[in-house]
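Subject: Handover of a structure

Dear colleague,

I am passing on the structure below, together with some notes on what was found in it. Please read the notes with the structure open beside you.

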Amino acid sequence: MELAATLALWWAPVIVLALFFRLIGASGLRFGWLLTAIGVYAAYTLAILEGGPLIPLEQYVGALDWNWAGKIAAVATTLIVFAVLAMATKAVSFESAGFTLRQRPGSVIPALIMIAFLAASGIGLEMLAADGRSLSPERLLYQATMPGLDEELFFRGLFLAVLGAAIPSGGLNLLGARITVAGLLMTLLFGLGHGVGIEDGKPFVSWIFIVVTAYFGFGLLWVRERTGSVLIPLIGHNVINFSGSFF
């Protein structure tokens, strides 16, 4: 019940904005695909929060402080849902999800510059927060692998393709990257997922987490759209998280 309420909090502003963009003619809106997007997002969220016990990782490596099993369950869910949808419809494909190693011509250097800028931003924010370094081997290994592997495959991969089918738009060319309404709403959801929730039966909002997460999410979206692939966003996401651990 709490998970359903949390999903409603995340999705309510997204649906309102989707309807608004449709009314002003900035995008289309396909309700069947929108329901699919909500279902895909719910499956992913359920996997990352509740899927851990299905993967008995701690039986083999001992007690863990980080949600390795939940992340692995989320990655598995993303890949399974992608396979099912890719077989069922042409709207979801390796190309539309960015599941390719091929980078668009002339995109790699700008993408790497953006990743370096985002990593520097992350270090700056960590220094401002001054909440102390955390250099445990488990944390460093986790931050160097799981955030990008999980969140880029889903948010800027599968989910962006599904939401793009639900909310089609021409997009705006921003320094060589086509930023669509779906991309903006995906970024909003990315921020809300990190800063809005329910705790002890009461909703809470952390504006700083929403804004900061959406900031990094938009930068990674730009890289994804500039390159046409989730490869550099995936690696870059881990670089940002890993480097921030030292400050």
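A residue is called buried here when its relative accessible area is under 20%, exposed when that value is over 50%, and partly exposed in between. Please keep in mind throughout that this is a predicted model.

With that cut-off, Ser27 counts as buried, because its relative accessibility is 8%. Ser27 sits in the loop that runs between helix H1 (2-23) and helix H2 (31-50). If neighbours within four places in sequence are left aside, the residues in contact with Ser27 are Ala18, Phe21, Arg22, Ile167, Pro168, Ser169 and Val181.

The salt bridges come next, and the structure holds 4 of them. In one, Asp150 is joined to Lys71, with the closest N and O atoms 2.7 Å apart; this pair links distant parts of the chain, since Asp150 belongs to helix H8 (residues 146-166) and Lys71 to helix H4 (residues 68-88), 79 residues apart. Asp150 and Lys71 are both buried. Lys71 also meets the side chain of Glu151 in a salt bridge, at 3.3 Å from N to O. Because Glu151 lies in helix H8 whereas Lys71 lies in helix H4, this pair ties together parts of the chain that are 80 residues apart in sequence. Glu151 is buried, as is Lys71, and through shared partners the salt bridges join Lys71, Asp150 and Glu151 into one network. Elsewhere, Arg224 forms a salt bridge with Glu225, where the closest N and O atoms are 3.8 Å apart, and both of these residues are buried.

On the surface, Met127, Leu135, Phe242, Phe246 and Phe247 make a nonpolar patch of about 430 Å². Of these residues, Phe247 lies in the segment that follows helix H11 (231-244), and Phe247 counts as partly exposed because its relative accessibility is 36%, a value that falls between the limits of 20% and 50%.

Finally, there is a pair of strands to look at. Strand E3 (residues 196-199) pairs with strand E4 (residues 202-205) in the antiparallel sense, over 4 bridges, and within this pairing Ile198 stands opposite Pro203 in E4. The two strands, E3 and E4, form a hairpin with 2 residues between them, and in the turn Asp200 has a positive phi of about 55°.

With best wishes

Key: Residues numbered from 1 in each chain as written. Predicted model: local features only at pLDDT ≥ 70, side-chain atom pairs only at ≥ 80, totals over all residues. Heavy atoms only, no water. Pairing = 2+ DSSP bridges. Patch = residues over 30% accessible without salt bridge, like charges linked within 9 Å, V, L, I, M, F, W, Y side chains within 5 Å. Areas by Shrake-Rupley, 256 points an atom, 1.4 Å probe, with all protein chains shown as cover. Buried < 20%, exposed > 50% of the residue type's maximum accessible area, 1.4 Å probe, protein only. Contact = heavy atoms within 4.5 Å.
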